[in-house]
Amino acid sequence: LPPVTYAISGTVTVGGSPTAGVNVTLTGLGSYSVTTDGSGNYSVPVMVAATNTPAVYTVTASGVGYSTTNQTVTVNGGPVTGVNFSLVQQDVLIGTVKTTGGTPIYNAIVQVGGSNGVFAVSALDGSYRIGNVPTSSSVELYAKGLGYAFSLQNINLTGAATGVVTNNIVLTAQTATGVIYNGGFEIIDPVNVNPVTGARMP
């Protein structure tokens, strides 16, 4: 028998309110992606192998500033309705890590909320993204890149209207100072992670 299509549909709410623009993806016999309409609804026609052959799909709802939730749905001989999601709004911290001259810094560690907080590592373009950050009017944000001085900021994470907070970070280049004692002490140049050559104790 030829393949047939049936719709998987439902509603996405955030904090109990229907929410537009949430991403809904479906993976199974095929892959599909839609966004919810102005009433928080979505409907996706999906393929099944034949009229009486079940097809299993994983349906995932997600969006910037929201939690991610998924469900497993079996399509068997007809449309599936009521595949609803209730998401939680989360603050998301995004930004860039750059030098004082504006050059992106790759592989810098950005951490929010202290030693037990959440962290991210900057991408090639210097961008970073930390989800599910603690909501507070004053949160410590640490940043450190190889060859750059440590940065500490107190930032406001009470959340924008979209749940997204932007904070760009500028790191200052760090150079090694001091000497090496040939009895075993070393000064490491943080720029290239090599011992400083030829230094001596006075």
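Which residue of E11 does Gln111 stand opposite? Gln111 faces Phe119 in E11, and that pairing is a good way into the sheets of this model.

## Ground rules

The model is a predicted one, so local features need pLDDT of at least 70 and side-chain atom pairs count only at pLDDT 80 or more, while totals for chains, interfaces and linings use all residues. Residue numbers start from 1 along each chain as its sequence is written, and side-chain values use heavy atoms, with hydrogens and water left out.

## The sheet around Gln111

Gln111 has a partner in E13 as well: it stands opposite Tyr142 there. The strand names follow DSSP runs numbered from the N terminus (a strand, E, has at least two residues; a helix, H or I, at least four). Strand E10 covers residues 109-112 and strand E13 residues 139-144; four bridges join them, and they run antiparallel. Within that pairing, Val110 sits opposite Ala143 in E13. E10 also runs antiparallel to E11, again with four bridges. Two strands are called paired here if DSSP finds at least two bridges between them.

Zooming out, the open sheet has four strands in the order E11-E10-E13-E14, with antiparallel pairing. E11 and strand E14 (151-155) are the edges, and each has a single partner strand, so one side of each is left without a neighbour in the sheet. From one strand to the next, the twist averages 20°. For that angle, axes are lines fitted to C-alpha atoms (for helices, over the stretch in contact), and angles run from 0 to 180 degrees between N-to-C directions.

## A nonpolar patch

Ile109, Phe119 and Val121 make a nonpolar surface patch of about 280 Å². Patch members have over 30% relative accessible area and no salt bridge; like charges are joined within 9 Å, and nonpolar side chains (Val, Leu, Ile, Met, Phe, Trp, Tyr) within 5 Å. A salt bridge, for this purpose, is a side-chain nitrogen of Lys or Arg within 4 Å of a carboxyl oxygen of Asp or Glu. The areas themselves come from the Shrake-Rupley method with a 1.4 Å probe, and for residues only the protein chains shown count as cover.

Take Val121, which belongs to strand E11 (residues 118-121). Its relative accessibility is 40%, so Val121 counts as partly exposed. The labels go like this: buried is under 20% relative accessible area, exposed is over 50%, and partly exposed is in between (1.4 Å probe, protein chains only).

## The E4-E3-E6-E7 sheet

Another open sheet has four strands in the order E4-E3-E6-E7, with antiparallel pairing. E4 and strand E7 (69-75) are its edge strands, each pairing on one side only. Neighbouring strands here are turned by 20° against each other on average, direction ignored. Strand E3 (residues 23-27) and E4 run antiparallel and are joined by five bridges. One of the partnerships is Thr27 with Ser31 in E4.

Over in strand E7 you'll find Thr74, which is partly exposed at 44% relative accessibility. Thr74 and Tyr57 are 17 residues apart in sequence, yet their C-alpha atoms are 6.3 Å apart in space.

## Aromatic pairs

How many aromatic pairs does a search of the whole structure find? It finds two. Rings of Phe, Tyr and Trp (its six-membered ring) pair if their centres lie within 6.5 Å; planes under 30 degrees apart count as stacked, over 60 as edge-to-face, and the rest as tilted.

Tyr32 and Tyr57 have ring centres 6.1 Å apart and planes at 50°, so this pair is tilted. Tyr32 lies in strand E4 (residues 31-35) and Tyr57 in strand E6 (residues 55-62), so the pair ties together parts that are 25 residues apart in sequence. Tyr57 is buried at 0% relative accessibility, whereas Tyr32 is partly exposed at 24%. Tyr142 and Phe150 also form a tilted pair, at 5.7 Å centre to centre with 45° between the planes. Tyr142 is partly exposed, with a relative accessible area of 22%.

## Strand E9 and its partners

Strand E9 (residues 92-99) runs parallel to strand E15 (residues 164-166), with three bridges between them. E9 also pairs with strand E12 (residues 127-130), this time in the antiparallel sense over four bridges. Leu93 stands opposite Val165 in E15 and opposite Ile130 in E12.

Strand E16 (residues 169-171) runs parallel to E9, and three bridges join them. Here Lys98 stands opposite Val170 in E16.
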